[in-house]
Amino acid sequence: MAVLPMGTVMKLTSLTARQIRYYESQGLISPERSDGNRRLYSLNDIDRLLEIRDYLADGVNVAGIKAIYDQQQAAAQAKRDAQQQPLTDEDVRRILQDEFIRQGGLGHPEPGLQQRPL
DNA sequence: CTTCTTACA
DNA sequence: TGTAAGCA
């Protein structure tokens, strides 16, 4: 997935090699390495760099961008965990209660709609 | 010739 | 960040 060398990335992102390497040192990107220890960037790295460039232009510092990506990573991880975890009794209880209320069991008597007797 | 690391301004 | 030095 990674094939682009520094020179290409520089042109594609309008960033200097110095900046690109610095963002990497700050954990914003993780390009692969290949032959003589040369960085190989993927298309995802390019997208990320463009995003970083825009954030910077909007006044967000590197630390801030780092925080954003860390949070997104945490959120994605939490979602994965949730999807692999079977529904707990608590989840089932909440779902059934929400469904009960939605069908008009209690609360919101929508104007014009007749309540369905249970 | 291109990229890399390290170090100084 | 820019730039220079010395390698690979």
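Here are three short exercises on a predicted model of a protein with DNA strands B and C, each with a worked solution.

Residues are numbered from 1 along each chain as written, while chains are lettered from A and ligands numbered from 1 in the order written. Local features need pLDDT of at least 70 and side-chain atom pairs pLDDT 80 or more, whereas totals for chains, interfaces and linings use all residues; side-chain values use heavy atoms, without hydrogens and water.

**Exercise 1.** Work out how helices α1 and α3 pack.

Step 1. Find the helices: α1 covers residues 6–13 and α3 covers residues 43–57. Helices here are DSSP runs (H or I, at least four residues), numbered from the N terminus.

Step 2. Take the angle, about 45°, and the axis separation, 10 Å. That makes α1 oblique to α3. (Under 35 degrees is roughly parallel, over 145 roughly antiparallel, 65 to 115 roughly perpendicular, and the rest oblique.) The axes are lines fitted to C-alpha atoms over the stretch in contact, with angles from 0 to 180 degrees between N-to-C directions.

Step 3. List who touches whom, with contact meaning heavy atoms within 4.5 Å. Val 9, Leu 12 and Thr 13 come from α1, and Ile 46, Leu 49, Leu 50 and Arg 53 from α3. By class, that's five nonpolar, one polar and one charged. (Ala, Val, Leu, Ile, Met, Phe, Trp, Tyr, Cys and Pro count as nonpolar; Asp, Glu, Lys and Arg as charged; the others, Gly among them, as polar.)

**Exercise 2.** Describe the surface around DNA strand B.

Step 1. Collect the residues near the strand (a heavy atom within 4 Å): Met 6, Gly 7, Arg 21, Arg 33, Asn 37, Arg 38 and Arg 39. They split into one nonpolar, two polar and four charged.

Step 2. Check the DNA side: 79% of the strand B atoms within 4 Å of the protein belong to sugar or phosphate, and the rest to bases.

Step 3. Look for polar contacts (N or O pairs within 3.5 Å). A polar backbone atom of Gly 7 sits 2.5 Å from a phosphate oxygen, and a polar side-chain atom of Arg 38 is 2.4 Å from a base oxygen.

**Exercise 3.** Now do DNA strand C.

Step 1. The neighbours are Thr 16, Arg 18, Gln 19, Tyr 23 and Arg 38. Sugar and phosphate make up 33% of the strand C atoms within 4 Å of the protein.

Step 2. Pick out the pairs: polar side-chain atoms of Thr 16 and Gln 19 lie 3.0 Å and 2.5 Å from phosphate oxygens, respectively. Arg 18 has a side-chain N or O atom 2.9 Å from a base oxygen.

Notes. Helices (H or I, at least four residues) and strands (E, at least two) are DSSP runs, numbered from the N terminus. A polar contact is a pair of N or O atoms within 3.5 Å; within protein, one must be able to donate a hydrogen and the other to accept it, and residues adjacent in sequence count only if both atoms are side-chain atoms.
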